[in-house]
Amino acid sequence: MPDQDALDSRMMARALQLAYKGLYTTEPNPRVGCVLVRDGEIVGEGWHARAGEGHAEVNALAQAGDRARGATAYVTLEPCSHTGKTPPCADALINAGVARVVAAMQDPNPLVAGKGLARLRDAGIQVECGLQEAEARALNPGFIKRMQTGMPYVRVKLAMSLDGRTAMANGESQWITGPDARADVQRLRARSGAVISGADAVLLDDSALTVRAAELGLPEVEAAAAAARQPLRVLVDGRLRVPLENRLFREAGPLLVACKLLRGRVQGYVFAGAELLTLPDKAQEYVDLKALLLELAKRGCNEVLVESGARLAGAFVNAGLVDELVVYMAPRLLGSRARPLLELPFDTMAEAMQLDVTDMRVVGRDWRITARPVFPS
């Protein structure tokens, strides 16, 4: 007989691999994988592919059939105990005769939050929770945060030269980084529920903010599935300055325009397929960014990607709304007259923001630096 702890670790690692297959497609649901093991051998595997379709446990049980009876189920998230678009997975495991369930973490969804594990225990199933929890949490940062706080997980993507500049003084910026970094950004878009940009950046770059299968750098089938679920594109345009002829309005896909007040071209935006949302801050000078994020969370957005210029990106950071910065650094110098990475109103070293760098790696000819802002407690 194999060592049980070693077997448990290996099977949970496999369940996490399966969950990762839903990285680009499960929004607003979490990414979940499940492995069924009997007598040391895998008898069924499954993962959740997209909302409305079978959950990981159900898919694994379908593959296992009668071999699920007496098996151990390794699942990366507590089996659900409520009826949503699909029946409870806890009941499916009970009915299949599973003898043991090992969950990586408890579900942060208040509708579940321990109830699924309790239901399994009440049915006489041996239940364990917490194996490789850190890895499971890393797979679903947005779902966890949205369930616990009502806010999405916010990434700010930035691209800069080695001297910390993002564009020439005249706004020219394409391309600072190479094709590998740009494909990496496409994958960040694909895993996000919404992509936010500001009027300044859209006017300058005429970006569509869409996910393009050919640019993802993924296998063809995976790329097609990722591009099929386009994120909500969000334009922060307080004064409705972006012309309707812009590429953002010409490309297909959901589009939300957040502004301060409605102005004369409202009907034109509607005809262009955009939804207008007024979110003025208290002084009615800017769009209320926190209110925007709360609205996106209500719409089921787990992860939000901010791709904007120095002003809007700086506003998100300065407001303490950013969970993660993803900075692509190109091996080139743009010079002292070029534009800075962020607009932040700091005057003294005491105001400087501390960052925790969590990852640094080569992406093609560029470097990708991932960091988390350290906000005062």
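## Exercises on a predicted protein model

Asp 39 is found in the loop between strand S1 and strand S2 (41-47); helices (H or I, at least four residues) and strands (E, at least two) are DSSP runs, numbered from the N terminus. The model is predicted, so local features need pLDDT of at least 70 and side-chain atom pairs count only at pLDDT 80 or more, while totals for chains, interfaces and linings use all residues. Residues are numbered from 1 along each chain as its sequence is written, and side-chain values use heavy atoms, with hydrogens and water left out.

### Exercise 1: backbone oddities in loops

Find what is notable about phi at Asp 39, and decide whether Asp 39 is buried, partly exposed or exposed.

Step 1. Asp 39 is not a glycine, yet its phi is positive, about 55°.

Step 2. Recall the cut-offs: buried means under 20% relative accessible area, exposed over 50%, and partly exposed in between (1.4 Å probe, protein chains only).

Step 3. With 69% relative accessibility, Asp 39 counts as exposed.

Now try Leu 240 in the same way: where is it placed, and is it buried or exposed?

Step 1. Leu 240 sits in the loop between S9 and helix H10 (247-250).

Step 2. Its phi is near 50°, again a positive value in a residue other than glycine.

Step 3. The relative accessible area of Leu 240 is 6%, which makes this residue buried.

One more loop to look at: which residues are joined by a cis peptide bond?

Step 1. The bond is between Glu 27 and Pro 28, with omega about 10°.

Step 2. Pro 28 belongs to the loop between helix H1 (4-20) and strand S1 (33-38).

### Exercise 2: a run of parallel strands

Work out how S8, S9, S10, S11 and S12 are connected, starting from strand S8 (residues 194-198). Two strands pair if DSSP finds at least two bridges between them.

Step 1. S8 and S12 (residues 303-307) run parallel and are joined by three bridges. Ala 194 has Val 304 as its bridge partner in S12.

Step 2. S8 is also joined to S9 by five bridges, again in parallel. Here Ile 196 is partnered by Val 234 of S9.

Step 3. Strand S9 (residues 232-236) pairs with S10 in the parallel sense over four bridges. Arg 233 finds its bridge partner in Leu 255 of S10.

Step 4. S10 goes on to pair with strand S11 (residues 274-278), parallel and over five bridges. Leu 256 has Glu 275 as its partner in S11.

Next, ask how many residues of strand S10 (residues 255-259) are buried.

Step 1. Five of the five are buried, so S10 is largely enclosed by the rest of the structure.

Step 2. Both faces are covered, with Leu 255, Val 257 and Cys 259 on one side and Leu 256 and Ala 258 on the other.

Step 3. Compare S8, where five of five residues are buried too. Ala 194, Ile 196 and Gly 198 point one way, and Val 195 and Ser 197 the other way.

### Exercise 3: a buried loop residue and two helices

Which residues does Thr 210 touch, leaving out those up to four places away in sequence?

Step 1. Locate Thr 210 in the loop between helix H8 (199-205) and helix H9 (220-228).

Step 2. Thr 210 is buried, at a relative accessible area of 6%.

Step 3. Contact means heavy atoms within 4.5 Å. The residues touched are Gln 186, Arg 189, Gln 230, Arg 233, Glu 251 and Ala 252.

Step 4. Contrast this with Ala 291, which lies in helix H12 (residues 289-298) and counts as partly exposed at 23% relative accessibility.

Step 5. Finish with helix H13 (residues 310-318), whose buried residues are Ala 310, Leu 312, Ala 313, Gly 314, Phe 316 and Val 317. After H13 comes Gly 320, with a positive phi near 70°.

### Exercise 4: the whole protein

Describe the overall build.

Step 1. Count 13 helices and 16 strands. The radius of gyration, taken over C-alpha atoms, is 23 Å, close to the 21 Å of the globule rule for 377 residues, so the protein is as compact as a globular protein of that length; the rule is 2.2 Å times the number of residues to the power 0.38.

Step 2. Note the spans of the C-alpha trace along its principal axes, about 70 × 45 × 45 Å.

Step 3. Buried residues are 51% of the 377.
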